[in-house]
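Biologist: Could we go through this structure together? I would like to begin with its charged contacts.

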Amino acid sequence: MFLVILAIYINIVLLVVTVIMEVIIICFLLFTLERLPLPLEGVMLALFSFVCVYGAIASFANHMFGKQLIPLGVSLFKVGTNEQKDQASLPCPIASSRQTNGLRTIAKILDSGHVCGIPTDTVYALAASCKHPEAIESIYNIKERPTEKPICICISNLDQLSAVHPPFSPLLWEFMNHVYPGGISCIVKKGEWLRKLGVGAAYDHVGTKDSIMIRVPDHTVTAHLVNMTGPLAITSANPSGEPDSIHHDMVISRLGHKIDGVLCDGNSNELVASTVINCTKIDEEGITIIREGCVPVVRVMQLFEQVKNKLD
């Protein structure tokens, strides 16, 4: 009876299974008293088998496709509206990275000129569309970030960059082909090619006057999102001076009351942000490590030497 009561709060299929189980138990008791009609036992076992198989197939299919393909029936009783209360208590809208609708939701928020927390191949980041310079400016207020610290741009793949034909040297192109996509950010010289890339109105709001840092995350979710929105201005999703956010819950709890959405993807792939490299003088002086992140400096220098030797 406890199982029956519990099933009432879950779904109709589980309720039917537990009720049939009760009938089967009664059948066993009648069997011991030699008062069980044989047809009843067969009917109950057949029903039990059918409902169990139906419930298993429905649960598996619904879980795999993330929606109600095969009905299981709603619960007869609900304990309040806890789910609605939980959603209402969240400081900002959230969306799942495992659902196409989640990506579309965050893309619409970004396209409307708002700031969202998104996953990358390293740690979580705050993102704003390059179509809305005012959204990029608001990131500084959200993070309490010093205005002298520039914000980088994120694109989905290196082909987007080659399509606008920036005046990069063969050495820089070869180096970028070795490090992208991945946890390395390259600082390069700014130019009109950025406008063709889609930065447009945000040209003066990202990077410095003469340079820009480019991220190409090795992350399917981020790549799909950027393909939907165009280039994004991003920076780590943490209050300035505090540790990086390595789970979407950290973004929600620390900055959720200041931003307009979070794309939830669970734990981040890394515990620290990307490694930043200055490539503005790569042909004359080589590369300079600005910040060591998830990719060790030794590995970066090895890659650079490989590229140089390949071109020599």
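Modeller: A salt bridge here is a side-chain nitrogen of Lys or Arg within 4 Å of a carboxyl oxygen of Asp or Glu. Please keep in mind that this is a predicted model. One pair that meets the criterion is Lys-310 with Glu-174, whose side chains have an N to O distance of 2.9 Å.

Biologist: Which parts does the pair of Lys-310 and Glu-174 tie together?

Modeller: Lys-310 belongs to helix α12 and Glu-174 to helix α8 (residues 170–179), so this salt bridge ties together parts that lie 136 residues apart in sequence.

Biologist: And is Glu-174 buried or exposed?

Modeller: Glu-174 is buried, because its relative accessible area is 18% and the cut-off for burial is under 20%. Its partner Lys-310 counts as exposed, at 55% relative accessibility.

Biologist: How many salt bridges does the structure hold?

Modeller: The structure holds six. Another of them joins the side chains of Arg-215 and Asp-121, at 2.7 Å from N to O. That pair links distant parts of the chain, 94 residues apart: Arg-215 is in strand β6, and Asp-121 is in the loop between β2 (116–118) and β3. Arg-215 is buried, with a relative accessible area of 4%, and Asp-121 is buried as well, at 7%.

Biologist: What about Lys-131 and Asp-111?

Modeller: Their side chains also meet in a salt bridge, with 3.4 Å between N and O. Lys-131 sits in the loop between β3 (125–129) and α6 (133–143), while Asp-111 is in helix α5 (residues 100–111), so the contact ties together parts 20 residues apart in sequence. Lys-131 is partly exposed, with a relative accessible area of 48%, and Asp-111 is partly exposed at 31%.

Biologist: Back to helix α12 for a moment. Where is Phe-304, and is it buried or exposed?

Modeller: Phe-304 is found in helix α12, which covers residues 297–311. At 4% relative accessibility, Phe-304 counts as buried. The C-alpha atom of Phe-304 is 8.7 Å from that of His-178, although the two residues are 126 apart along the chain.

Biologist: Changing topic to pockets: what volume does the largest one have?

Modeller: The largest pocket has a volume of about 640 Å³. It is lined by 34 residues, and the closest to its centre are Arg-145, Met-213, Thr-235, Val-276 and Arg-291. The elements that give two or more residues to this lining are β5 (184–189), β6 (211–215), β7 (232–236) and β10 (288–291). Strand β6 provides the largest share, four residues.

Biologist: How does that lining divide by class?

Modeller: The lining of the largest pocket has 14 nonpolar, 13 polar and seven charged residues.

Biologist: And the second largest pocket, what lines it?

Modeller: That pocket holds about 180 Å³ of space. Its lining includes Pro-167, Phe-168, Val-188, Lys-189, Cys-279 and Glu-284. By class, the lining of the second largest pocket has six nonpolar, two polar and four charged residues.

Biologist: Last topic, the surface. Which residues make the nonpolar patch?

Modeller: Phe-2, Leu-3, Leu-6, Ile-10, Leu-14 and Met-21 make a nonpolar surface patch of about 550 Å². Helices α1 (2–8) and α2 (12–32) each supply at least two of its residues, and the largest share, three residues, comes from α1.

Biologist: How accessible is Met-21?

Modeller: Met-21, which lies in helix α2, is partly exposed, with a relative accessible area of 32%. That value meets the patch requirement, because patches are made of residues with over 30% relative accessible area.

Methods
Residues are numbered from 1 along each chain as its sequence is written. This is a predicted model: local features need pLDDT of at least 70, side-chain atom pairs count only at pLDDT 80 or more; totals for chains, interfaces and linings use all residues. Side-chain values use heavy atoms; hydrogens and water are left out. Patches are made of residues with over 30% relative accessible area and no salt bridge: like charges are joined within 9 Å, nonpolar side chains (Val, Leu, Ile, Met, Phe, Trp, Tyr) within 5 Å. Accessible areas come from the Shrake-Rupley method with a 1.4 Å probe; for residues, only the protein chains shown count as cover. Buried means under 20% relative accessible area, exposed over 50%, partly exposed in between (1.4 Å probe, protein chains only). On a 1 Å grid over the protein atoms alone, a cavity is a set of points where a 1.4 Å probe fits but cannot get out, and a pocket is an open set with protein on both sides within 12 Å along at least five of seven lines; lining residues have an atom within 4 Å of a point. Grid points are joined across faces, edges and corners, and a volume is the space filled by probe spheres set on the points. Ala, Val, Leu, Ile, Met, Phe, Trp, Tyr, Cys and Pro count as nonpolar, Asp, Glu, Lys and Arg as charged, and the others, Gly among them, as polar.
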